[in-house]
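I opened my notebook for this one and kept the entries short. Here is what I looked up, in the order I went through it.

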Amino acid sequence: MPTDFDRTDNQHRPPLGETRRPTGRPLIVTPTFVSRVDATPRNERPQDEGAARDRHGHEVRHPNWRPGALAIEDDRNIAFEHWDEYWRKVHGPKFAWDEPGSSSARVLRYDQVHRVASGPSSFFRPPYRAMVDESGRLPSDPEKRVPDYGRPKWDGFAYIAYAEEDDIERVLDQEKFAERIIADEQTAFRMVTREFAREHILIPSERHRDPVSLVKIHVRHPDITRDDFQHRLLGEHADLVLSQGATRDLVRRYAQLHNIGSTQEDPEGVKIDAVSVLSFACMNDVEDYLVHDDHAAIEASETALTGEGSEWWTAINYSVINRLAPETATSRTGAE
């Protein structure tokens, strides 16, 4: 096994990286939702100022007009694959590496959560049924019956945890992050959110290596205040989720992230009131969970609390930094 890990992310997580026990207090996290650079028109997916850079460092303001100019990839046939690889294999190690004069020590945990199109989503949910024609047979003209694709708003999120709110500024104000990491984000992403949240771990992960996550983005019903929404989500709704047999059998980790502010102007992130992240051993467990009667009760509870703009999807989870082990549940008493 090679040992030259000087500039890799392996050294920031077990078994190479050192860990310490968590305090049990809720962490402050930046659930940074991202949309990838691609040729989608701006009126279909918004774009941050200065993002979607070309190879000269300039913004490609209308990438649907000039898709070949995008620095990340000029071939639209492989643009998604190249972006997905870049985020994990290039951007992740850049974020984790402590270049001279910088330190990521205040980042207690950093996961990349990559949305998987083949996994369940609120746009195409299980069970998946065989397509049949009027006679009950598989159709001979499937080319005429391809279902429309429902694209979620986000392609994934960076799940970054700190001990204190002030630690976010201490990290991001460093030259490395303020200049070079931001430049990398503007190369790889067309939009990122800048909200920060309080993390409530309701089911702690045994190893924090759970491979698949079900990500639920909650936008509250307009008749409910944010405070009331978050109180009910963490109280009666969380109790309902935890009481279900399907949760006990299939869910390996359950956390709620409650939006409490933003590090800068954030027109899209500010709309998100909370995020639920449930982790599983495999994609089939997610699918079985979603079709279980127990989840129908959970979804009914969510529907009563949420409104337009909510969505959910499944993702592959990569641990880049983890300085806390073993993970423990956070207390809900006085957490808000």
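**Entry 1: Ala52 and its phi**

I began with Ala52, which counts as buried at 1% relative accessibility, since the cut-off for buried is under 20%. A reminder to myself: this is a predicted model. I placed Ala52 in the loop between E1 and H1. I then read its backbone and found phi near 55°, a positive value in a residue other than glycine. I noted this because most residues other than glycine have a negative phi.

I looked for another case and came to His208, where phi is near 55° and again positive in a residue other than glycine. His208 is found in the loop between E5 and E6. Is His208 buried or exposed? I have it down as buried, with a relative accessible area of 8%.

**Entry 2: cis peptide bonds**

I went on to omega. The bond from Pro14 to Pro15 is cis, with omega near 5°, and Pro15 sits in the segment before E1. Ala325 and Pro326 are also joined by a cis peptide bond, with omega about -5°. I found Pro326 in the segment after E9. My reason for writing these down is that most peptide bonds are trans.

**Entry 3: Glu73**

Back in the loop between E1 and H1, I stopped at Glu73. Its relative accessible area is 12%, so I entered Glu73 as buried. Which side chain makes a polar contact with that of Glu73? I found His82, at 2.5 Å. Leaving out residues up to four places away in sequence, Glu73 touches Arg55, Pro67, Ile78, Ala79 and His82. I also checked Glu73 against Ala188: they are 115 residues apart along the chain, and their C-alpha atoms are separated by 9.6 Å.

**Entry 4: H1 against H3**

Ala188 brought me to the helix pair. I described it in the usual way, by the angle between the axes and the distance between the axes. The axes of H1 and H3 come within 11 Å and cross at roughly 180°. That crossing makes H1 roughly antiparallel to H3, because angles over 145 degrees count as such. I listed who meets whom: Trp83, Tyr86, His91, Lys94, Phe95 and Ala96 on the H1 side, with Lys176, Phe177, Ile181, Asp184, Glu185 and Ala188 on the H3 side.

**Entry 5: the nonpolar cores**

How many residues does the largest nonpolar core have? I have 28, and those with the most contacts inside it are Phe95, Val107, Tyr110, Ile160, Phe189 and Ile321. The elements giving two or more residues to this core are E1, H1, E3, H2, H3, E4 and E9. H1 gives the most, with five residues.

I followed Phe189 a little further. Beyond its neighbours within four places in sequence, Phe189 is in contact with Val34, Ser35, Arg36, Val37, Ala51, Ala52, Trp83, Trp87 and His91. So that I do not forget Entry 1: Ala52 is on that list. There is also a second, separate core of 21 residues, including Ala161, Ile217, Leu257 and Val275.

**Entry 6: the buried side of H2**

I took H2, residues 165–172, and picked out its buried residues: Asp167, Ile168 and Val171. They cover an arc of only 110° around the axis, so they lie on the same side of H2. What covers them includes E1, E3, H3 and E5.

**Entry 7: His218**

I found His218 in strand E6, which spans residues 212–218. His218 is buried, with a relative accessible area of 3%. Its side chain joins that of Ser276 in a polar contact of 2.8 Å. Among its other contacts beyond four places in sequence are Phe229, Leu233, Ile272, Asp273, Val275, Glu302 and Thr306.

**Entry 8: Lys153**

Last, I went to the loop between E2 and E3 for Lys153. At 35% relative accessibility, Lys153 counts as partly exposed. The side chains of Lys153 and Glu268 are joined by a polar contact of 2.3 Å. Beyond four places in sequence, Lys153 is in contact with Ser35, Arg45, Glu268, Lys271 and Glu311. I closed with Lys153 and Val215, which are 62 residues apart in sequence and 12 Å apart in space, C-alpha to C-alpha.

How values were computed
Residues numbered from 1 in each chain as written. Predicted model: local features only at pLDDT ≥ 70, side-chain atom pairs only at ≥ 80, totals over all residues. Heavy atoms only, no water. Helix = DSSP H or I, 4+ residues; strand = E, 2+ residues; numbered from the N terminus. Buried < 20%, exposed > 50% of the residue type's maximum accessible area, 1.4 Å probe, protein only. Polar contact = N/O pair within 3.5 Å; in protein donor to acceptor, adjacent residues only side chain to side chain. Contact = heavy atoms within 4.5 Å. Arc of directions from axis to C-beta. Core = buried A, V, L, I, M, F, W, Y, C linked by side-chain atoms within 4.5 Å. Axes fitted to C-alpha atoms, helices over the stretch in contact; angles between N-to-C directions. Parallel < 35°, antiparallel > 145°, perpendicular 65-115°, else oblique.
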